[in-house]
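Reader: I should like a close look at a single part of this model, set in the context of its chain. Please give one connected account.

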There are 4 protein chains.
Amino acid sequence: MSSCFNKGIDISIFGESHGKAIGVVIGNLPAGENIDIDRICEFMQRRASKKDGTSTTRSEKDIPEVISGLYGGKTTGTPLCAMILNTDHKSVDYGNISHIARPAHADYTGFLRYNGANDPRGGGHFSGRLTAPLCFAGAVCGQILENRGITTGAHIERIKDVCDDKFDPINVSAEQLNAVKSGFPVLSTDAEDKMREIINDARLNSDSLGGIVECAAVGFPAGIGSPMMDGLENIISQLVFSIPAVKGIEFGNGFSCADIFGSENNDEFYIENGKILTKTNNHGGILGGISSGMPIIFRVAFKPTPSISRPQNSVDFKGMTETELVIKGRHDPCVVPRAVPCVEAAMNIALLSALIDDPTI
Amino acid sequence: MSSCFNKGIDISIFGESHGKAIGVVIGNLPAGENIDIDRICEFMQRRASKKDGTSTTRSEKDIPEVISGLYGGKTTGTPLCAMILNTDHKSVDYGNISHIARPAHADYTGFLRYNGANDPRGGGHFSGRLTAPLCFAGAVCGQILENRGITTGAHIERIKDVCDDKFDPINVSAEQLNAVKSGFPVLSTDAEDKMREIINDARLNSDSLGGIVECAAVGFPAGIGSPMMDGLENIISQLVFSIPAVKGIEFGNGFSCADIFGSENNDEFYIENGKILTKTNNHGGILGGISSGMPIIFRVAFKPTPSISRPQNSVDFKGMTETELVIKGRHDPCVVPRAVPCVEAAMNIALLSALIDDPTI
Amino acid sequence: MSSCFNKGIDISIFGESHGKAIGVVIGNLPAGENIDIDRICEFMQRRASKKDGTSTTRSEKDIPEVISGLYGGKTTGTPLCAMILNTDHKSVDYGNISHIARPAHADYTGFLRYNGANDPRGGGHFSGRLTAPLCFAGAVCGQILENRGITTGAHIERIKDVCDDKFDPINVSAEQLNAVKSGFPVLSTDAEDKMREIINDARLNSDSLGGIVECAAVGFPAGIGSPMMDGLENIISQLVFSIPAVKGIEFGNGFSCADIFGSENNDEFYIENGKILTKTNNHGGILGGISSGMPIIFRVAFKPTPSISRPQNSVDFKGMTETELVIKGRHDPCVVPRAVPCVEAAMNIALLSALIDDPTI
Amino acid sequence: MSSCFNKGIDISIFGESHGKAIGVVIGNLPAGENIDIDRICEFMQRRASKKDGTSTTRSEKDIPEVISGLYGGKTTGTPLCAMILNTDHKSVDYGNISHIARPAHADYTGFLRYNGANDPRGGGHFSGRLTAPLCFAGAVCGQILENRGITTGAHIERIKDVCDDKFDPINVSAEQLNAVKSGFPVLSTDAEDKMREIINDARLNSDSLGGIVECAAVGFPAGIGSPMMDGLENIISQLVFSIPAVKGIEFGNGFSCADIFGSENNDEFYIENGKILTKTNNHGGILGGISSGMPIIFRVAFKPTPSISRPQNSVDFKGMTETELVIKGRHDPCVVPRAVPCVEAAMNIALLSALIDDPTI
């Protein structure tokens with residue numbers, strides 16, 4: 001059931017890094033929703049590699065072709081399929097390492113899982129390229145959320161010791177969430193410069209970096225979600241961990257809630273203009289798996305790009321011998337800037353699913 | 001679909017804190033597995049409240065009654081249902097606050113989600129008591145894992161600034177994982193004393209604490225899991241967030257992977273005694289959603305118990321008025337010691353599900 | 001995933017014929033629905049054995065105990081669990097045949113499926129007794145449908161060559177559907193007398209009978225359902241085949257549509273009082289998996305009760321020897337009268353699920 | 001969740017009759033299975049229209065393009081996506097009827113279900129064309145079944161009063177099931193001639209016909225399937241009703257089991273060459289939802305093609321007026337010959353899913 005998500009809406013992602021194409025089928029979408037393809041392409045361009053030294057030089061246009069599910073500019077309600085052709089892959093780059101496990105990659109585990117039959121070129125179905133159809137689905141869901149006054153956004157909170165500003169957990173606004181969608185995805189220009197610098201340094205040093213992405217939603221109605229297995233945290237997590245290189249997720253004040261007393265952590269309720277709010281937002285907009293009406297906030301940890309150019313010790317898992325590995329090919333020195341829209345996409349899918357899953361009849 | 005988990009095995013949890021009983025139905029278990037009910041009860045006693053000042057004085061025996069699915073001491077393969085009677089609830093404790101939102105609780109969000117029809121007594125279906133059937137299911141799954149040489153365990157890694165030792169991510173052993181199942185769930189006696197002290201201090205101060213739980217599995221075979229939506233991280237997360245008060249989860253070195261370079265984070269492979277291993281285990285035993293054969297390691301953040309005895313500002317969400325709230329009733333000053341087996345249970349369910357979900361035929 | 005249904009609402013059925021109890025967990029119900037337990041018991045009594053020679057003399061009270069999910073007479077929206085104790089089982093009746101395959105029963109196939117570990121007493125989880133929790137779930141769903149002006153009902157259409165009247169596919173009314181819920185479930189008194197007679201004859205002759213059940217719904221809104229995998233026919237079928245002894249299902253004019261031309265089979269549309277109707281109802285109220293607003297009609301075939309008292313040739317599937325079998329115990333000479341509410345229950349669950357599954361937000 | 005099937009394997013079907021393409025994503029397939037694309041194309045050609053007067057003159061090549069999931073001629077185990085271009089559609093044919101409900105079609109119900117936003121051209125996602133990707137998926141699953149010695153097949157059992165021979169429920173062979181895959185899908189040449197004749201007569205008379213398809217599987221191992229919701233009958237039915245125009249399904253002796261006594265219907269077991277068999281096969285190879293090792297047999301009823309050229313009374317469901325309708329375009333006078341591989345495909349998907357779903361670990 002690996003590449004399907006079936007809660008509220010259905011997402012089925014397919015494709016391999018060096019196959020003909022990658023794509024996604026999105027089922028159970030509400031019918032009659034206006035979808036602006038240009039804006040979807042803009043969303044996907046945020047994920048595309050840049051020619052600024054922060055990402056791979058593999059240059060995929062990532063123009064999605066809609067195969068079904070749109071008619072007259074609106075969702076039909078029947079499955080929406082989009083495909084993205086693979087055009088700039090160079091499988092030859094990978095020829096020499098097909099049975100040598102690249103450290104921190106899924107070469108070895110994938111080989112075991114699929115009895116050696118999986119497509120190893122460029123990571124196959126494990127490739128970060130599969131986040132392109134995820135972004136497509138997230139962009140579609142995002143527009144349907146927007147139609148209901150819900151805005152989501154994300155930025156790089158930190159790369160190594162370079163920190164961006166944080167979203168204000170109380171006052172983060174739709175404007176701010178939209179503003180960070182252009183250019184390098186940070187709130188502070190100063191942070192951008194420093195992040196670009198350390199990423200470039202890592203690249204020049206044949207090394208790589210990870211980082212933290214912060215994501216938020218405003219305008220999401222209170223009372224959506226469920227306790228236990230299908231709470232907002234549960235389904236957001238399930239989707240976020242579909243992005244390669246994610247190693248952790250935390251909601252609201254997250255791991256730092258362990259540092260304070262209940263009297264500090266509890267968010268007191270109050271009423272303003274006839275609306276129930278909380279004075280602080282340590283809970284990140286979710287209580288008991290259900291939205292409280294406060295901004296939904298979470299953070300996601302990404303490990304450094306596994307592919308680095310310097311020699312590494314490894315094993316040939318077919319020949320069962322130890323060997324030294326030098327990874328060629330083109331790689332992102334830091335995936336985090338390109339991961340920002342992926343996290344936002346995962347959130348969009350989760351939030352729309354929760355809205356649709358509400359059993360009110 | 002809120003209280004069901006349907007991957008590999010099916011878990012359906014039911015009940016409310018102050019109803020007749022709580023329980024669980026477990027479907028799709030392998031047939032013919034020996035199940036030792038005494039050991040299940042021992043597992044559940046780890047979750048039970050203690051008379052040592054660290055937990056609530058509500059005293060539930062939590063003796064599970066197996067209704068179906070066991071015959072002659074073995075799983076039948078058809079649904080295994082167990083019920084746990086509620087015996088020591090005092091609904092009167094909650095009479096005065098039924099429409100006043102307890103901060104950091106799900107009273108308000110649950111009221112919205114269920115149009116005011118949910119059972120509010122003691123948190124109803126949102127209560128931490130629902131982790132008792134989760135533990136039952138986890139104990140059953142744990143025994144089936146043990147039958148295959150797989151051992152899991154968990155301990156408190158930290159409460160506020162008191163840290164326990166950590167599991168060695170390379171050398172953590174089944175013995176160590178089993179040893180921490182008796183008594184206060186820490187590796188270091190020194191940590192136990194200090195943790196008990198700060199918990200007791202919080203209790204005396206009408207306050208509460210959260211903390212971090214670390215969980216590990218050894219003996220889990222390499223090659224189990226999947227990329228994208230149903231990877232081990234995805235399904236462990238989905239299950240762990242079913243435990244109330246969880247605010248974050250991280251695998252391997254988790255959020256700290258953002259602090260180091262790829263050359264530091266990558267776990268190099270080597271071969272020992274004909275087995276492929278990694279020299280470090282920053283990946284926490286999971287690559288591409290699939291087990292690597294190294295110990296599986298993750299950490300879970302718990303917020304401080306929301307129920308504290310001191311007055312708090314809040315609102316009556318039915319009357320739409322602001323009010324002061326004083327929570328009576330009996331509560332855990334820190335849920336973390338009792339949460340340890342819950343996290344272990346969630347992991348057991350996830351790992352067995354992944355084993356069963358493998359499509360090899 | 002065997003005993004769970006997860007479309008719109010979640011149904012998880014558990015228990016064995018001779019275990020402590022059988023029961024059901026119903027998840028994702030709309031919250032705040034009035035449920036009348038007395039009427040549920042009435043529904044279940046329609047399934048209970050009668051002391052009139054048409055059914056087994058095993059006498060189970062089948063009084064459901066609600067464990068969770070109801071509060072103040074209304075659904076809470078969280079899982080509704082009900083249990084039914086087994087009180088009148090006599091396992092000793094089955095002692096001598098535990099490895100001898102009763103013809104047309106699941107003894108042999110169940111033994112293979114569960115590697116010999118399933119509970120063989122009285123058929124275990126394969127028993128027709130498991131339709132009691134199905135009826136409970138169907139009765140709950142039926143009340144929620146009624147709250148929306150939807151009425152369902154069923155009757156015996158035929159047993160061997162004795163035919164009841166049929167529902168008028170155009171004019172069948174809520175009154176008629178409700179009237180057939182009392183007494184022997186047929187429309188014609190004459191049919192009742194003849195059916196009782198042939199059932200009694202079969203019983204006296206140590207033999208058994210099957211038959212056809214016809215089921216209908218009126219008041220179900222047009223436009224509910226979906227094409228392809230989750231159409232109304234698909235989910236009604238999936239649920240109906242959960243009833244033991246069902247061998248076929250047909251919608252509208254069903255198999256007889258093969259006897260006529262398209263010009264005869266097509267139901268022409270017309271408008272009456274501002275409502276779109278069809279002049280005939282060969283389509284049984286479903287087109288493209290979606291309700292048309294016409295009465296939903298389908299028929300279900302039941303095979304004769306497998307358990308008959310006369311000697312039969314069979315095999316000991318453990319000892320792999322041929323043997324003669326004489327089934328003792330108490331059995332229904334014809335399950336069809338008791339199966340009528342089961343079919344209605346399956347329909348109720350399917351229709352409510354389709355209503356809830358509608359993705360409109 | 002309409003166009004997904006998620007039991008054992010995942011099937012997600014997309015596309016509209018007059019859109020760019022139709023296709024399918026197949027997930028959770030076992031890895032490393034040899035797939036012969038030529039034989040898949042042969043399978044799909046059995047569904048293609050013929051130039052012999054029995055089917056529409058719309059001529060689609062139906063050449064599937066595999067996008068992902070095959071590498072080196074074998075399944076990778078990751079999602080297998082195939083697309084089929086729409087090339088010969090003439091949307092103009094449908095221009096005049098877009099809001100006039102074609103009798104027995106889903107125009108009106110689809111309009112309601114999707115709030116008027118669905119693609120109406122040629123039936124959109126409701127079109128019989130969507131059985132092309134179903135056949136693709138069924139052909140893939142069929143080859144994987146063949147790799148395990150399992151053979152399936154189907155033929156037309158009856159069109160109006162013209163009957164073909166039936167499969168012998170005991171002795172039907174793989175050879176016979178394969179032989180009927182060439183040419184007109186009947187066992188008897190005499191039946192072919194008569195069927196062609198009445199189909200041609202119906203066509204010349206601007207009318208249409210339905211019929212009955214019989215399907216069988218041999219070599220399927222005993223002990224596969226489950227009681228209650230996911231039995232073989234349940235999942236075969238769920239899949240078969242995804243084929244437009246299906247109105248009924250029956251297993252084994254089906255509806256005729258209502259005509260005989262239990263002593264006649266019960267299939268007695270015996271042992272031959274160390275294997276347990278039944279002397280008769282009224283049960284159609286399935287007992288308690290689980291395979292018995294005997295041939296699996298079922299029959300499916302198809303209604304006459306709804307599209308007929310003669311004038312019909314209908315309504316404009318947007319304008320809410322009554323009108324006369326004359327359907328232009330190209331249509332099958334009888335869908336049954338082309339439906340035969342579709343039923344076989346549905347069975348193949350169901351059987352492989354049941355094999356994969358087995359929880360043995």
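Author: The part chosen is A:S292, in a structure that is a predicted model. A:S292 counts as buried because its relative accessibility is 3%, where buried means under 20%. This serine is placed in the loop that joins β15 to β16 (296-302) of chain A.

Two polar partners of the A:S292 side chain can be named. One is the side chain of A:H283, with which A:S292 makes a polar contact at 2.8 Å. The other is a backbone atom: the nitrogen of A:M294 lies 3.2 Å from a polar atom of the A:S292 side chain. Beyond residues up to four places away in sequence, A:S292 touches A:A222, A:H283, A:G285 and A:I286 in chain A, and it also touches B:Y108 and B:T109 of chain B. A:H283 thus appears both as a polar partner of A:S292 and among the residues that A:S292 touches.

A:G289 occupies the loop between β14 (286-287) and β15 (290-291) of chain A. A:G289 is also classed as buried, because its relative accessibility is 6%. The C-alpha atoms of A:G289 and A:G231 are 3.8 Å apart in space, although 58 residues separate the two in sequence. When neighbours within four places are left aside, the contacts of A:G289 are A:I224, A:G225, A:S226, A:G231, A:L232 and A:E233.

The setting for these loops is chain A, which contains 8 helices and 18 strands. Its radius of gyration is 21 Å, which agrees with the value near 21 Å for a compact globule of 361 residues. Along the principal axes, the C-alpha atoms fill a box of roughly 65 × 50 × 35 Å. Of the 361 residues in chain A, 67% are buried. Among contacts with a separation of 6 or more, 73% join residues 24 or more positions apart; the pair A:G289 and A:G231, 58 residues apart, has such a separation in sequence. The accessible surface of chain A comes to about 10,900 Å², and carbon and sulfur atoms account for 48% of that area. As for charge, chain A carries 33 positive and 43 negative side chains, and the centres of the two sets lie 7 Å apart.

Elsewhere in chain A, helix α1 (residues 37-47) offers a second view of buried positions: A:I40, A:C41, A:F43, A:M44, A:R46 and A:R47 are buried there. An α-helix has 3.6 residues a turn, so residues three or four places apart point the same way. The buried residues of α1(A) pack against β7 (80-85), α3 (131-146) and α8 (336-357) of chain A. At the N-terminal end of α1(A), A:D36 acts as a cap, with a side-chain oxygen 2.9 Å from the backbone nitrogen of A:D38.

Helix α8 of chain A holds A:R338, which counts as buried because its relative accessibility is 14%. A:R338 and A:R46 are 292 residues apart along the chain, yet their C-alpha atoms are separated by 6.6 Å. Apart from residues up to four places away in sequence, A:R338 touches A:R46, A:R47, A:A48, A:S49, A:S55, A:T56 and A:D332. Of these, A:R46 and A:R47 are among the buried residues of α1(A).

The loop between β3 (21-27) and α1 of chain A contains A:E33. A:E33 is likewise counted as buried because its relative accessibility is 8%. Its side chain makes a polar contact of 2.8 Å with the side chain of A:N147. Outside the neighbours within four places in sequence, A:E33 is in contact with A:G73, A:K74, A:T75, A:I144, A:N147 and A:R148.

Chain B, which supplies B:Y108 and B:T109 to the surroundings of A:S292, has its own helix α1 at residues 37-47, with B:I40, B:C41, B:F43, B:M44, B:R46 and B:R47 buried. The cover over those residues includes β4 (64-68), β7 (80-85), α3 (131-146) and α8 (336-357) of chain B. B:D36 caps the N-terminal end of α1(B), where a side-chain oxygen lies 2.9 Å from the backbone nitrogen of B:D38.

To return to the chosen part, A:S292 is a buried loop residue with a polar contact to A:H283 and with contacts that reach B:Y108 and B:T109.

Methods: Residues are numbered from 1 along each chain as its sequence is written. Chains are lettered from A and ligands numbered from 1 in the order in which they are written. This is a predicted model: local features need pLDDT of at least 70, side-chain atom pairs count only at pLDDT 80 or more; totals for chains, interfaces and linings use all residues. Side-chain values use heavy atoms; hydrogens and water are left out. Helices (H or I, at least four residues) and strands (E, at least two) are DSSP runs, numbered from the N terminus. The radius of gyration is taken over C-alpha atoms; the globule rule is 2.2 Å times the number of residues to the power 0.38. Buried means under 20% relative accessible area, exposed over 50%, partly exposed in between (1.4 Å probe, protein chains only). Contact means heavy atoms within 4.5 Å. Accessible areas come from the Shrake-Rupley method with a 1.4 Å probe; for residues, only the protein chains shown count as cover. Lys and Arg count as positive and Asp and Glu as negative; His and the chain ends are not counted. The place of a charge is taken as NZ of Lys, CZ of Arg, CG of Asp or CD of Glu. A polar contact is a pair of N or O atoms within 3.5 Å; within protein, one must be able to donate a hydrogen and the other to accept it, and residues adjacent in sequence count only if both atoms are side-chain atoms.
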